[in-house]
Amino acid sequence: MRLQELAMIDGGYWAQTGSLGVGEATWRINMERVATALRSPWHTLGASYTLESGAHLSPPPPACSLRITARVRLASLVTSCPGPLSVVYDQGVSETSEKTHTNNWAVLVDTSRFWFNYRHVANVLSMYRSVKRLGIPDSQIILMVADDMACNPRNPRPATVFNNAHQHINVYGEDVEVDYRGYEVTVENFVRLLTGRLAPSTPRSKRLLTDDGSNILIYMTGHGGDGFLKFQDSEEITNVELADAFEQMWQKKRYNEILFIIDTCQAASMYEHFYSPNILAIASSLVGEDSLSHHVDPAIGVYIIDRFTYYALEFLERVTPDSKKTLAQFLQVCPKRVCISTVGVRLDLYKRDPSRVLVTEFFGSVRNVELTTRVLDLPKCGGSRQVAVNKSVNTRSSKATKPLHYASQLPLHHS
Amino acid sequence: MSKEEDNAKNPEGAWAAAGFAVVLLVVGVPVWWFTTTVYRAQLPYSTIETLSSQLRHHTVGVTIIGSLPPSFQEDLVKSLGSMQSVKFLMSQRQPTKEERQALHSGKTPDELDRHMSQLVRVAAGMLAVVVLPEAMEIKEVVVGTDRLIYIKATADLQVVSSVVRNMVMDPLASRYAFTNRPLHHKKEAMRQVPTEPGYDVTLTLMVPEPHRTKIEWDARAAVTDYLSPVVKQLENVSKLTVRSQVLYMTGLSVSPQWSEAHKHYALPENQLPLTINAIEAKLGSFVWTRPSLHFVVYIPREKQLPLHIHAADGSPLPSNSFLVPRWGGVMIHNVPTAAPNVSLPRPVTLDSHWIMSTVLTHLHRLLPIPSLREIEGVETLAMKDSSMLTAWQLDGLARARVSAYLSNIRITLQSLCELVGEISNMVISDEVGGWVWGAVEEWEECGRATREGRLQDATLYCTRSFTQADAAFFHPSMLALLYFPDNQKYAIYVPLFLPVSIPVLLSLKMVFGLCRKSSTKEKNE
């Protein structure tokens, strides 16, 4: 594997011209992870490198770990190792490992409708429940669902949506807040939501009011194809349009980092054209593969949930708001033997190391708090008012003891 | 051969073909062009480019009243000159007779400051450094309430230089003015609210057990006394709308431990980050679209009284409050525990002064109001009778906001121009065009005002320009999705024109053949 194929995992650059320029740091490349990211099987490599003056390169010890320090210019990195090469690549304790966001938003989109797409609604509502449980408030969750499941005449359990054949949890619940429902879930509304170009009369609950410190979780599910995602069986959004929408967001500084999860067939095609920084994309299947659903509920009669979301939820159910689980663990959540399709990940636009990023940085809402050490020393104001305050308080309390009665329900007009 | 002879014999075919071609080109193409061009209002692209590439700096005039050793002055000039986004214009003059009298008669810094502020009139956006006579009994560097700095000739140059720099503009804001991206790895940068023309400030009093404690707090009076003067002062710089509410039966879900050593319930620092998630939905932040700041006053539950926040090292925090960056602040107000046989609910009065001091501390850090707390050896005088900001604080805030606005406007307009250039058939309505022109004009004015040091004008122009640029950028018609890209134009028009044009082009061959025939015939003849 030549250097120009190395993915950037933590700092550093895409080595596109065949040389890796690194900063002053200790870099150890996890080739296994790189192999997974690039979907190519890992074999042995050969090694050859040239050093700039003043650099140090420790020779690969027998355990086959390569450690690159300080200003190294590698012409090509091809190492030969008898066994699996574990060359771990991290940038020491960098400041990028610190949290850089101030608030969390989630945009959860289900792009399909009709009864036989029950599982997509269950997918997105289960994600909604997880995200709410981990702390993101409703005012910062935008839920776009066709919402035709719970009250569908074919639903044997009306007003409920389940994500499991055991029907433990009703993910529809009593406090679900759907922001875009029914025929409002369109490509135009979705792109308007992302770019912020909404009509002035749009209510706040339908706006994505993010700023440059917001981490956004974008989860999309439905039916997809090679390069497009089908919306409500009548239109589609292409990967180019999605990439352009993200670029418009980046230019206006409407996000800090985006975690983009997509659970459809041929999902990896949707993130192919992204070119804005700080996006980590996870797809449930690669181009040419179909994402499969998990199991059918014989009582309801349709497939209840998709495989990728099922295993992702299993993982998320064990995450508490103060948990220390990392994104790297989340990326391993659905190996090929259970998911049948291969999970695709796009890491090159994401500068931080996923093994240092907590899951709650996207799924939960953990704020940075600062203790106030010194309070301003203000002069006491309104001295003359103190007496008046006591008086007004007394009068108010006496007023409060009047008995209360219900207002008349219907205004009666006395003739 | 016969075909050519036939053609030569009936030139009508050729004339017909020529006629078709002429109609197609002269009538058809213009009609098609005019019926399919979209209306695009003219935008000032070149002006935007010129203004984007201009470097902006603030100009601050500093007058030194008194005499300093020349080396001190030179060094001061040099160290101030290294500040990138601010250019200092130094001037010097001797104090007048009244000023000299005031300098010698002032006993305390406050008295001195009061006299001098009346005598020395410093314009908005400028500073004055007053050199004190040696005999005075005050600290080396004292910062007054109205743009005056009092220093002794023996003061430390570094201290004076950093005082002036911090007074003039927040150091983070000056770095921000030069980079496109915000400074992510700085905690201070992430603490400030994003620069917007207006904010909503909500004061929330949380009473989880109203059946046990009846809270009596006149919020309106507290806000009028402490917060309204500041809000009024900041009117031109940022509009703050203040509201207050009381939340009953809602508590923070915290689990404090009883601390025997301090005889109170200790709330460790690591429980704080998750506290506000549960109450955020109830604070009513979903009502307005302006960015909101929340200040929460929490009365602990009866069985958790008294509740104190403990820092990481286990010591209780005297202020009992914490700041959430870009969101607001939370403070815990302990009330005395109920005596055993008192009738419930018992009335409790809250300490307005403490609450409003905490609220204003948090507001100062969020806006952010420049402060000199980190610099040692400096005494800062505050306003005596009210909670209002000092004039230099207001100037510093205005300057930081103007820098942030200028950077934002540049990014917005550049991005808009790129978008419009990319999609050549995007409609640019007159409304959007008007906003862009307005934004560019005000931007130019703001840049000029900044360079000339007219801070109030600059703030006004910048706010208007920012609002207009944002309105143009976020106009609903600017959505790229609505317009098909250029390559799809071919897919639409080729099937229309090709079937018509092919026969015409082929028959043109006949026309040319005829022309050549007639010219060769003429030549032959």
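Ala, Val, Leu, Ile, Met, Phe, Trp, Tyr, Cys and Pro count as nonpolar, Asp, Glu, Lys and Arg as charged, and the others as polar. Keep that in mind as we look at this predicted model.

Q: How do you know which classes make up the lining of the second largest pocket?
A: Sorting by those classes gives 19 nonpolar, ten polar and twelve charged residues. B:Leu372 and B:Arg373 are among the residues nearest the pocket's centre; Leu counts as nonpolar and Arg as charged.

Q: What makes a residue part of that lining, and how many residues line the second largest pocket?
A: A lining residue has an atom within 4 Å of a pocket point, and 41 residues line this pocket. The space in the pocket is about 1200 Å³. Helix α12 (352-366) of chain B gives the largest share of the lining, four residues.

Q: Why are β9 and β10 of chain B called paired strands?
A: Pairing takes at least two bridges. Strands β9(B) (residues 257-259) and β10(B) (residues 264-268) are joined by three bridges, so they pair, and they run antiparallel. One bridge partner of note is B:Tyr265 in β10(B), which matches B:Trp258. Between the two strands of this hairpin are four residues, and B:Lys263 in the turn has a positive phi of about 60 degrees.

Q: How do you know that β10 of chain B also pairs with β12 of chain B, and in which sense?
A: The cut-off is again at least two bridges. Four bridges link β10(B) to β12(B) (residues 307-310), so these strands pair too, in the parallel sense. Here B:Tyr265 stands opposite B:Leu307.

Key: Residues are numbered from 1 along each chain as its sequence is written. Chains are lettered from A and ligands numbered from 1 in the order in which they are written. This is a predicted model: local features need pLDDT of at least 70, side-chain atom pairs count only at pLDDT 80 or more; totals for chains, interfaces and linings use all residues. Side-chain values use heavy atoms; hydrogens and water are left out. On a 1 Å grid over the protein atoms alone, a cavity is a set of points where a 1.4 Å probe fits but cannot get out, and a pocket is an open set with protein on both sides within 12 Å along at least five of seven lines; lining residues have an atom within 4 Å of a point. Grid points are joined across faces, edges and corners, and a volume is the space filled by probe spheres set on the points.
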